[in-house]
Amino acid sequence: MRKKIVAGNWKMNKLYSEAVELVDEITIMLKDDIKSDDIVKILIPSFPYLRKVARHSHGIKNLFTGAQNCAYEEGGAFTGEVSAAMIKSLGGTHIIIGHSERRSYFHETHEELKKKVNIVLGQSLTPIFCVGESQEKRHAKEHFSVVEKQISDSLFHLNAAEFGKVVLAYEPVWAIGTGLTATSQQAQEMHLFIRTLIDKKYGKETANSVSILYGGSCNAKNAAELFACPDVDGGLIGGASLVAKDFVTIIHSFPS
Ligand code: PGA
């Protein structure tokens, strides 16, 4: 059975006291919430809050803390960078790699992302690897080839056991933070395409075990429809993860 996952990407939001308030609100709601026990929930704050969020999340079943990025080097003279090992030492278990904001604003390349994936797996942490096409590429009907290249360039050097440890997130760039959500048909179509790619490369067992999340204006209102798609295993949530009640509603949006 594939893991159902809801991850909240807080991006560069919240001051320290606000982040503590948010994690406390979320944990109060999840504490005795048996129906979300089997869902993997990941809170992904900015680096400075990671330790605090990890501590406050402690003791709640399947609640983890992640980071939004990491360095592609293991450590050393890289001023301003944060290593995967440091994230692990603070209690982080998951790291987002290749978010479209990192790809576009910080010009991260396939080669760098590949190195980051290796570093994250090397620390026995879980990469949440993001893929997705721009509006322009979708209009040009190149969305499948863009996503295929993003996956093959940065992930297909892995062996099946390693690939099985990756979580994928399909985030069409035109849907991120825009209020424009992919329809459930568009999401399902791309998720199935990704799963078929994995099947061709690694076989059915790996393809059926990898969780593929949808991200891009997923919120408390549309999550249920998206999560009902057979190949959508959860969501990577931006804006709506900053409101505890909405985030928990999203966690409750899987079909029973
Ligand atoms: P959004 O962001 O939910 O605010 O669109 C999703 C993401 O970028 O991970």
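Glu108 is a buried residue, with a relative accessible area of 9%, in this predicted model. Its carboxylate takes part in a salt bridge with the side chain of Arg102, at a distance of 2.9 Å from N to O. Arg102 has a relative accessibility of 23% and counts as partly exposed. Because the limit for a buried residue is under 20% relative accessible area, Glu108 at 9% falls within that class, whereas Arg102 at 23% is partly exposed.

A search of the whole structure finds 11 salt bridges. Three of them are set out below.

| Salt bridge | Distance (N to O) |
|---|---|
| Arg102 and Glu108 | 2.9 Å |
| Lys137 and Glu142 | 3.2 Å |
| Lys149 and Asp153 | 2.6 Å |

In the pair formed by Lys137 and Glu142, the side chains meet at 3.2 Å. Lys137 is partly exposed, at 32% relative accessibility. Glu142 likewise counts as partly exposed, with a relative accessible area of 32%.

The salt bridge between Lys149 and Asp153, at 2.6 Å, lies in helix H7, which spans residues 143-155. These two residues are 4 positions apart in that helix, so about one helical turn separates them. Lys149 is partly exposed, its relative accessible area being 46%. Asp153 is also partly exposed, with a relative accessibility of 26%. Elsewhere, Arg2, Arg195, Asp231 and Asp233 are joined into one network by salt bridges that share partners.

Methods:
Residues are numbered from 1 along each chain as its sequence is written. This is a predicted model: local features need pLDDT of at least 70, side-chain atom pairs count only at pLDDT 80 or more; totals for chains, interfaces and linings use all residues. Side-chain values use heavy atoms; hydrogens and water are left out. A salt bridge is a side-chain nitrogen of Lys or Arg within 4 Å of a carboxyl oxygen of Asp or Glu. Buried means under 20% relative accessible area, exposed over 50%, partly exposed in between (1.4 Å probe, protein chains only).
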